[in-house]
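Me: I'd like to go through the labels on this one and ask what earns each of them. Can you take me through the reasoning?

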Amino acid sequence: MQKSSNFVWKKTVTITGLVILVALTFYLLGSILMPFAAGALLAYLSNPLVDFLMRRGFSRAASVILVFVALFGFLLISVLLLIPILQEQIEHLTVIIPQMLTYLQTQALPSLLNFFGFKNLAAYDVKKIIGDNIMSTGNVASLVIKTTLESGKALFGLITNILLIPVVTFYLLRDWDLLLNNIRLMIPKRTRPKAIKIAQECDDVLSGFFRGQLLVMLALAAIYSIGLSLAGLQIGIIIGTVTGLLSIVPYLGAIIGFVIAVIAALVQFGTIESVGWVILVFMVGQTIENTFLTPVLVGDRIGMHPVAVIFAVLAGGVLFGFFGVLMALPVAAVIMVLLRHLNRRYHRSELYQA
């Protein structure tokens with residue numbers, strides 16, 4: 001009994017130490033992990049297609065090449081088709097953003113402050129405050145040079161990360177089965193069957209969630225982009241796309257997209273009728289999402305409360321940056337599977353039965 005207890009204690013300490021070590025590594029290397037996480041995600045989502053082709057008689061190498069070319073060919077064609085549309089949207093955006101800031105300062109903010117009784121604050125010149133602070137930071141020329149250099153470094157880093165994604169995807173996709181087999185062989189024989197069972201459950205949850213959520217995001221981006229464009233908003237496609245992408249966090253995408261769309265409508269048209277069209281578009285989008293898209297395509301794959309999902313995404317962003325945002329929900333899904341196993345084990349234990 002004592003020997004068994006010592007074994008369990010040592011195993012618990014070892015697993016806890018490994019988890020802490022992995023988390024610390026991710027924390028320290030978070031700034032460079034984004035292309036690797038994106039590549040791993042694309043490889044994970046594409047591997048079933050490779051397996052499908054292999055069952056049809058193709059070799060692993062041929063299947064990987066076909067899937068890789070089809071995937072990135074589709075992405076490249078999509079980008080090329082969207083560039084003219086995005087260019088037009090960005091031109092409208094550069095005109096509308098100053099107008100939106102002016103509207104917020106001269107109309108929305110004073111009205112809001114007056115409504116809450118802060119009439120004296122309504123006279124504050126936001127633009128002047130920002131401008132004074134910028135001027136007080138030092139020489140304007142040095143500030144411009146510094147900003148340009150930082151932008152150049154950021155652009156170089158962005159291009160490098162984008163170019164790394166297909167490279168990482170290809171090599172992970174090529175060696176996916178080999179990597180999984182090596183991981184399986186590292187698991188102690190005594191716990192291997194149980195670990196494989198848990199891993200399969202995690203795989204079912206993750207694959208269903210990722211594929212379903214991706215379809216939901218694309219569908220919502222299309223619905224809001226088309227709806228807001230039909231409502232006459234010049235930047236409707238950009239707002240709709242941002243709303244769809246942010247829908248991975250419950251309610252966040254809809255709230256942010258709605259607020260931006262309302263302000264854009266008031267700036268562009270200045271009528272209550274235009275706001276009514278925006279409300280109609282988001283009502284239709286939310287109805288379709290809640291009654292069809294999410295229940296059918298995603299369901300309750302993770303089994304997490306929306307507040308827990310929001311917390312997981314924000315915590316991932318704070319700790320690991322964009323990589324953390326990208327990996328927050330997958331990690332949360334795995335944790336939920338583990339917690340369900342622990343809960344079942346607890347209910348079978350002597351502690352619970354006593």
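**What earns each label**

Reply: Sure. Let's start with Asp203, which sits in helix α7. Keep in mind that this is a predicted model.

Me: Why is Asp203 called partly exposed?

Reply: Its relative accessible area is 35%. Buried means under 20% and exposed means over 50%, so Asp203, at 35%, lands in between and is partly exposed. As for its surroundings, the C-alpha atoms of Asp203 and Ala333 are separated by 9.6 Å, with their positions 130 residues apart along the chain.

Me: What makes Arg60 and Asp51 a salt bridge?

Reply: The N to O distance between their side chains is 3.4 Å. The cut-off is a Lys or Arg side-chain nitrogen within 4 Å of an Asp or Glu carboxyl oxygen, so 3.4 Å passes. Side chains of opposite charge can pair when their charged atoms come close.

Me: And how do you know that Asp177 pairs with Arg60 too?

Reply: Same kind of test: the closest N and O atoms of Asp177 and Arg60 are 3.1 Å apart, and the limit is 4 Å. Asp177 belongs to helix α6 and Arg60 to helix α3 (residues 60-115), so this pair ties together parts that lie 117 residues apart in sequence.

Me: Is Arg60 buried or exposed?

Reply: Buried: its relative accessibility is 16%, and the label needs a value under 20%. Its partners get another label, since Asp51 has 23% and Asp177 has 36%, and both values fall in the partly exposed range between 20% and 50%.

Me: Which residues do salt bridges with shared partners join into one network?

Reply: Asp51, Arg60 and Asp177. Arg60 bridges to Asp51 and also to Asp177. The whole structure has three salt bridges, and one of them is between Asp175 and Arg174, at 3.2 Å from N to O. Asp175 is partly exposed at 24%, as is Arg174 at 41%.

Me: On to the rings. Why is the pair of Tyr44 and Trp176 called tilted?

Reply: Their centres are 6.2 Å apart, and rings pair when centres lie within 6.5 Å, so they qualify. Then comes the angle: the planes are 50 degrees apart. Under 30 would be stacked and over 60 edge-to-face, so 50 degrees leaves tilted.

Me: What does that pair tie together?

Reply: Tyr44 is in helix α2 (residues 34-55) and Trp176 in helix α6 (residues 176-186), so the pair links parts 132 residues apart in sequence. Tyr44 is buried, with a relative accessible area of 16%, and Trp176 is buried at 16% as well. The structure holds six aromatic pairs, and ring pairs also link Phe68, Phe72, Phe170 and Tyr171 into a cluster.

Me: Last one: what makes the positive surface patch positive?

Reply: Its members are Lys194, Lys197, Arg340, Arg344, Arg345 and Arg348, and Lys and Arg count as positive. Helices α7 (192-230) and α11 (306-348) are the elements that give two or more residues to the patch. The largest share, four residues, comes from α11.

Me: How do you know that Arg344 is accessible enough for a patch?

Reply: Arg344, in helix α11, has a relative accessible area of 38%. Patch residues need over 30%, so 38% clears that bar, and the label for Arg344 is partly exposed.

Key
Residues are numbered from 1 along each chain as its sequence is written. This is a predicted model: local features need pLDDT of at least 70, side-chain atom pairs count only at pLDDT 80 or more; totals for chains, interfaces and linings use all residues. Side-chain values use heavy atoms; hydrogens and water are left out. Patches are made of residues with over 30% relative accessible area and no salt bridge: like charges are joined within 9 Å, nonpolar side chains (Val, Leu, Ile, Met, Phe, Trp, Tyr) within 5 Å. Accessible areas come from the Shrake-Rupley method with a 1.4 Å probe; for residues, only the protein chains shown count as cover. The place of a charge is taken as NZ of Lys, CZ of Arg, CG of Asp or CD of Glu. Buried means under 20% relative accessible area, exposed over 50%, partly exposed in between (1.4 Å probe, protein chains only).
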